[in-house]
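Thank you all for coming. I would like to walk through one chain this morning, going from the overall fold to the empty spaces inside and then to a few single residues.

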Amino acid sequence: MAYEYAFVHLIYTIPLAVVLTAILKPLLTRVDLYKTLVLISVAFFATLPWDSYLIRHGVWTYPPDAIIGPRLFGIPAEELFFFIIQTYITTLLYILFNKPILHAQFLTNNEDSTPKARRTRSLGQILLSLVVLTGALLVAKGGEGTYLGLILIWAGPFVLLTWTFSGLFLLKLPLACIAIPICVPTLYLWIVDELALGRGTWAIESGTKLGWCLWGDLEIEEAVFFLSTNALIVFGLVAFDRGMAVLDTFPEMFPASSEGLSPTLLVRAILTNPAKYNMKRIRGIREAVSTLQRKSRSFYLASAVFPGRVRIDLILLYSFCRVADDLVDDSSTETEALGWIQKLTGYLDRVYNPAGGKESHSAVDVADYIETNFPTNAQSALEFLPTRLLPSGPLYELMDGFGMDLDFAHSEFPIKDESCIQTYAQRVASTVGELCLWLVFHHSSRRLPAQQEANLIQAAITMGHALQYVNIARDIQVDAEMGRVYLPTDWLKEEGLTPQDLLNDPRQPKAEVLRQKLLDLAFRKYDQSRPTMDLLPNEIRGPLIVAVESYMEIGRVLREKTGVPSKTKTGRATVPRSRRLWVAWKTLSTS
């Protein structure tokens with residue numbers, strides 16, 4: 001039947017590609033699409049002459065009654081489509097497993113990498129060179145090892161090249177991000193190939209193969225072919241992502257944004273000598289990612305869908321906020337906490353040089369101040385805060401918010417009424433929202449009209465109120481254990497309570513009544529500001545809404561009382577991971 005090979009695609013490859021496309025479509029960025037097209041093009045044109053050679057020399061054959069008929073250089077149309085569909089499927093699976101991680105943190109060089117990693121790369125180069133040599137010997141000998149030799153001398157040099165340039169980077173990536181995109185498609189295509197060989201859809205001539213089968217009718221050469229081609233695709237994707245990470249991490253080396261990507265720029269980034277990497281900045285990014293993974297999982301998950309450079313800057317901003325907050329909150333005395341606020345303010349003074357007749361502080365002065373006044377594990381958060389892109393006002397206001405927390409040390413409860421809680425939310429949350437927007441404005445591919453920017457900033461301030469109210473509603477018990485009550489005192493009075501009553505029993509029924517009242521206020525603020533977010537540029541709108549919705553989902557589970565206990569803090573409910581992923585996917589699908 002002339003449609004036998006076509007049915008292989010209709011039954012096995014196209015449905016899988018459709019499912020992966022449906023899952024990933026909301027998550028795909030322009031860079032992802034560009035990457036997919038590049039890999040498909042490279043795979044197609046690299047395989048075309050090799051496959052044509054195999055067919056013309058009788059290594060592969062296709063029964064006339066198994067193919068539709070059209071050929072290019074002797075290759076059936078169905079086989080040409082296989083080049084495309086296999087690369088597409090493997091690429092999508094790779095994107096799916098790599099989307100959550102920030103590749104910039106895995107950039108490395110000989111100085112930064114471990115001796116074991118360097119030895120592994122060298123061993124890999126030796127083994128791959130031997131693979132190529134073995135392939136050449138098999139081809140030269142001819143006969144039954146011909147097909148296997150042709151696979152090795154074709155795939156081996158490409159794998160060796162990408163391993164040489166990106167091996168240290170690849171070794172730092174999580175194993176699942178590499179192994180799954182190679183192994184899962186390989187196993188699936190082994191099954192498809194075994195069925196096709198058994199049905200006679202295509203065949204390997206007996207004089208060019210070893211005659212060994214992995215199982216059933218799956219020839220060992222075909223097993224090696226699919227393993228090799230999927231490894232080629234994934235290694236190519238790793239090299240692409242390393243180049244993108246270089247572009248995004250070092251704007252001083254590559255001023256042009258990765259959003260305006262060109263093949264020349266990408267190749268330059270891939271070929272950049274790793275010895276030129278600013279490893280101090282990369283280590284700062286690693287520390288920032290680690291901080292967010294521990295302290296703000298909702299935001300870290302949401303950050304996965306931001307474009308590269310804005311993602312890095314947002315992570316560095318959030319890391320600074322978390323580190324600064326921890327320095328104050330983890331202080332053992334009020335004096336120590338006040339000292340940290342003063343030191344943080346001194347840092348801002350040196351960076352922004354506020355009016356006062358002082359001469360501008362140099363970068364060296366700022367670095368010396370950080371090293372002298374802050375613990376080692378906090379220094380990178382200050383050093384790599386992208387202050388050149390941020391206004392100073394919100395950062396100073398954030399310091400005022402930290403100061404409000406110290407009022408609890410005087411046995412005072414500073415949140416007297418609703419206006420006080422709004423002031424607090426303004427200082428500790430709205431400021432961060434505004435700073436995020438300034439980063440978005442800077443990295444956006446188009447500049448918004450001034451009035452739209454002003455409307456968005458006001459919406460960010462209002463949304464900051466909503467997010468902080470959700471945070472307070474979630475942490476009633478956690479805050480009580482620290483001797484703090486952020487619920488307005490006049491609200492407590494209406495329920496016949498005092499702040500001390502809530503400290504004594506934060507899980508009492510009336511606390512739940514107040515939690516729901518605060519959540520109602522949070523969602524009113526959310527409803528006021530959410531429509532304005534639709535003014536955001538296209539490439540940023542979805543990711544920023546995901547960040548908001550991921551946090552507001554905490555409020556929704558508190559309303560539904562369906563949260564799961566936090567693994568890091570007793571008394572704190574969190575959103576189940578599956579639900580967070582669903583919220584992100586649904587939000588991106590509709591934004």
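What share of the contacts in the chain with a separation of 6 or more is accounted for by residues 24 or more positions apart? The value is 75%, and I should say at once that this is a predicted model, so that everything I quote is computed from predicted coordinates. The chain has 591 residues, of which 54% count as buried, and along the principal axes its C-alpha atoms fill a box of roughly 90 × 55 × 45 Å. In terms of secondary structure, there are 23 helices and eight strands.

Let me begin with the packing. The largest nonpolar core contains 186 residues, and those with the most contacts inside it are Trp-50, Trp-60, Tyr-147, Phe-320, Tyr-347 and Leu-518. Helix 7 provides the largest share of this core, with 15 residues. If we take Phe-320 as an example and set aside residues up to four places away in sequence, its partners are Leu-344, Tyr-347, Ala-381, Leu-382, Leu-385, Leu-395, Leu-398 and Met-399.

Two of those partners, Ala-381 and Leu-382, bring us to helix 14, where they are buried along with Ala-378, Gln-379 and Ser-380. What covers the buried residues of this helix? The cover includes helix 9, which runs over 279-295, together with helix 11, helix 12 at 334-352 and helix 13 at 363-373. Following the chain onward, Thr-387 sits in the loop between helix 14, residues 376-383, and helix 15, residues 393-406. Thr-387 counts as buried because its relative accessibility is 16%, with the cut-off for burial set at under 20%. Apart from neighbours within four places in sequence, Thr-387 is in contact with Tyr-347, Val-351 and Tyr-352, and Tyr-347 is, as I said, among the residues with the most contacts inside the largest nonpolar core.

Now to the empty spaces. Rolling a probe the size of a water molecule over the atoms shows where empty space is left. There are four cavities of 30 Å³ or more, and the largest cavity holds about 390 Å³. Of the 22 residues lining the largest cavity, Asp-32, His-103, Asp-241, Gly-308 and Arg-311 are the closest to its centre. Its lining is made up of 10 nonpolar, five polar and seven charged residues. Helix 2, helix 3, helix 7 and helix 11, the last spanning 308-329, each supply at least two lining residues, and the largest share, four residues, comes from helix 7.

The second largest pocket has a volume of about 890 Å³. It is lined by 38 residues, and the closest to its centre are Leu-39, Val-42, Ala-43, Leu-232 and Gly-236. Two or more lining residues come from each of helix 2 (30-56), helix 3 (77-98), helix 5 (146-172), helix 7 (220-249) and helix 8 (263-271). Which helix gives the most to this lining? Helix 7 does, with nine residues. By class, the lining divides into 27 nonpolar, seven polar and four charged residues.

I will turn next to individual positions in two of these helices. Thr-36 lies in helix 2, and at 8% relative accessibility it counts as buried. Beyond its neighbours within four places in sequence, Thr-36 is in contact with Tyr-88, Thr-91 and Ile-95; the C-alpha atoms of Thr-36 and Thr-91 are separated by 6.4 Å, although the two residues are 55 apart along the chain.

Leu-227, in contrast, lies in helix 7 and counts as partly exposed, with a relative accessibility of 40%. Leaving out residues up to four places away in sequence, Leu-227 touches Ile-182, Thr-186 and Trp-190. Leu-227 and Ser-380 are 153 residues apart in sequence, and their C-alpha atoms are 42 Å apart in space.

Finally, a word on the cysteines. How many disulfides does the structure hold? It holds zero. Why does Cys-183 not form a bond with Cys-177? The sulfur of Cys-177 is the closest cysteine sulfur to that of Cys-183, but the two are 13 Å apart, which is too far for a bond. Cys-183 counts as partly exposed, at 44% relative accessibility, and Cys-213 also counts as partly exposed, at 42%.

Definitions and conventions:
Residues are numbered from 1 along each chain as its sequence is written. This is a predicted model: local features need pLDDT of at least 70, side-chain atom pairs count only at pLDDT 80 or more; totals for chains, interfaces and linings use all residues. Side-chain values use heavy atoms; hydrogens and water are left out. On a 1 Å grid over the protein atoms alone, a cavity is a set of points where a 1.4 Å probe fits but cannot get out, and a pocket is an open set with protein on both sides within 12 Å along at least five of seven lines; lining residues have an atom within 4 Å of a point. Grid points are joined across faces, edges and corners, and a volume is the space filled by probe spheres set on the points. Ala, Val, Leu, Ile, Met, Phe, Trp, Tyr, Cys and Pro count as nonpolar, Asp, Glu, Lys and Arg as charged, and the others, Gly among them, as polar. A nonpolar core is a set of buried Ala, Val, Leu, Ile, Met, Phe, Trp, Tyr and Cys residues joined through side-chain atoms within 4.5 Å. Buried means under 20% relative accessible area, exposed over 50%, partly exposed in between (1.4 Å probe, protein chains only). Contact means heavy atoms within 4.5 Å. A disulfide is a pair of cysteine sulfur atoms within 2.5 Å.
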